[in-house]
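Colleague: Got a minute to go through this one with me? I'd like to talk about cysteines, charged pairs and internal voids.

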Amino acid sequence: TNVALPDMAGELNATPDNISWVLTSYLIGSAILMPLTGYITDRVGQKRLLLVSIAGFVVTSALCGMATSLSEIVLFRFMQGLFGASLVPLSQSIMLQLFPGEQRGKAMAIWAMGVMVAPVMGPTLGGWLTEYYSWRWNFYINLPVGILAFLMAFSHVPDSEVKARRMDWLGFGSLALGIAAAQLVLDRGNQDDWFSSATLTAAAIIAVLSFLFFIVYTVTGKHHPLFDLRIFKDINFLVACLIMTAIGIGFFGGMVLQSLYMQDFLGFPTLLAGLYMAPRGVASFFVMMFVGKFSNRIQPRYFVLSGTCLAIAGNYLMTRFPQAFNPHNLILPVILQGMGMGLIFVPITTLAFTTLPKTIAAEAAGIYSLIRAMSQAVGIAILSTYLSRSTR
């Protein structure tokens, strides 16, 4: 959707500043509902939640494609975020439950191919659709894929046992308010000059107070909490979350800078910029196949160490571009970064759930996905601000 924003702004009579709400509204909707994945799974069963999420995502995608004004598409994108929130953590939870410990590495490698490769290949496909068809096809393309996913899930995904759980409305309200306010600050901070804006200052204060209240209330309250924060006592889960936070801040923020560099500085058209980013996704795809095949023979830490070194090498090469720049200089660093992410992502995701009980897999997956999403937002905000303030 990123690459289609200029075309959307032109057709919907929106300013470049306002059209970014198309991204912000989805992120806020998704972040609010993501931590509830475990609770809703317990209440309605994983199969029903998955089917409702897919169906809702498909319908709201169609509505986004048919939108005729900025207010309509922002509303439909928010709804799309609500329905899409559970898709990644729930699919991850189902995979973890279906496969025994010795097969989890291979299963998670196949699952991670979709999670990692799709966002990397997205700008290439989005640029092609926008250039040759219309920005609306960035949403319509979800329909055939979503319908196929719905039919396959209906036929093959097993259901889980429904459990009686009471809703912690106060806990949910404080967490949702904190997440929404924090996401608003991170997404709009660079455009509105951070705390020069009274709105963002108020949102930041609300976010901090909401998160503090949620933690204190969850730890000390005599009630049924939204989720058990003691999950972070599991050292594997805690370390995986910390590493994923570092990756989200450092890696995904850099991806945004690379896209801006090619389009704004080098003057590449959208489609060509997307094509130069594509080797990262291809490299990740093949490396994940390798990780899945040898996950039972090689310790995860060796994959993570190798991946970290490759990602560092790729990032370092990005700092050494000469003045007489050749676009082909991009390819090697992008491939190294893709290989690094492929080696890191699968073992870390597998490690996070190795010692957790299967009964809390959906809950843990929701928290893990939320941490990954928020860290990406932090990384993009930091590097976008650095770029704007150091530009000559």
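Colleague: How many disulfides does the count come to?

Modeller: Keep in mind that this is a predicted model. A disulfide needs a pair of cysteine sulfur atoms within 2.5 Å. By that rule, the count comes to zero.

Colleague: Take C241 then: is it buried or partly exposed?

Modeller: The relative accessibility of C241 is 4%. Buried means under 20%, so C241 counts as buried.

Colleague: And C309, buried or partly exposed?

Modeller: C309 comes out at 46% relative accessibility. The range between 20% and 50% is the one for partly exposed, so C309 is partly exposed.

Colleague: Which side chains meet in a salt bridge?

Modeller: The structure holds one salt bridge, with an N to O distance of 2.8 Å. The cut-off is 4 Å, so that distance qualifies. The pair links distant parts of the chain, 125 residues apart: one partner sits in the loop between α8 and α9, the other in helix α1. The side chains are those of R136 and E11.

Colleague: Of R136 and E11, which one is buried?

Modeller: E11 has 44% relative accessibility and counts as partly exposed. R136 has a relative accessible area of 16%, and buried means under 20%, so the buried one is R136.

Colleague: On to voids: how much space lies in the second largest cavity?

Modeller: There are two cavities of 30 Å³ or more. The second largest is lined by L96, R104, F353, L356, P357, K358 and A361. Its space is about 40 Å³.

Colleague: How many of its lining residues are charged?

Modeller: By class, five are nonpolar and none polar. Lys and Arg count as charged, and the lining includes R104 and K358, so the number of charged residues is two.

Note on methods. Residues are numbered from 1 along each chain as its sequence is written. This is a predicted model: local features need pLDDT of at least 70, side-chain atom pairs count only at pLDDT 80 or more; totals for chains, interfaces and linings use all residues. Side-chain values use heavy atoms; hydrogens and water are left out. On a 1 Å grid over the protein atoms alone, a cavity is a set of points where a 1.4 Å probe fits but cannot get out, and a pocket is an open set with protein on both sides within 12 Å along at least five of seven lines; lining residues have an atom within 4 Å of a point. Grid points are joined across faces, edges and corners, and a volume is the space filled by probe spheres set on the points. Helices (H or I, at least four residues) and strands (E, at least two) are DSSP runs, numbered from the N terminus. Buried means under 20% relative accessible area, exposed over 50%, partly exposed in between (1.4 Å probe, protein chains only).
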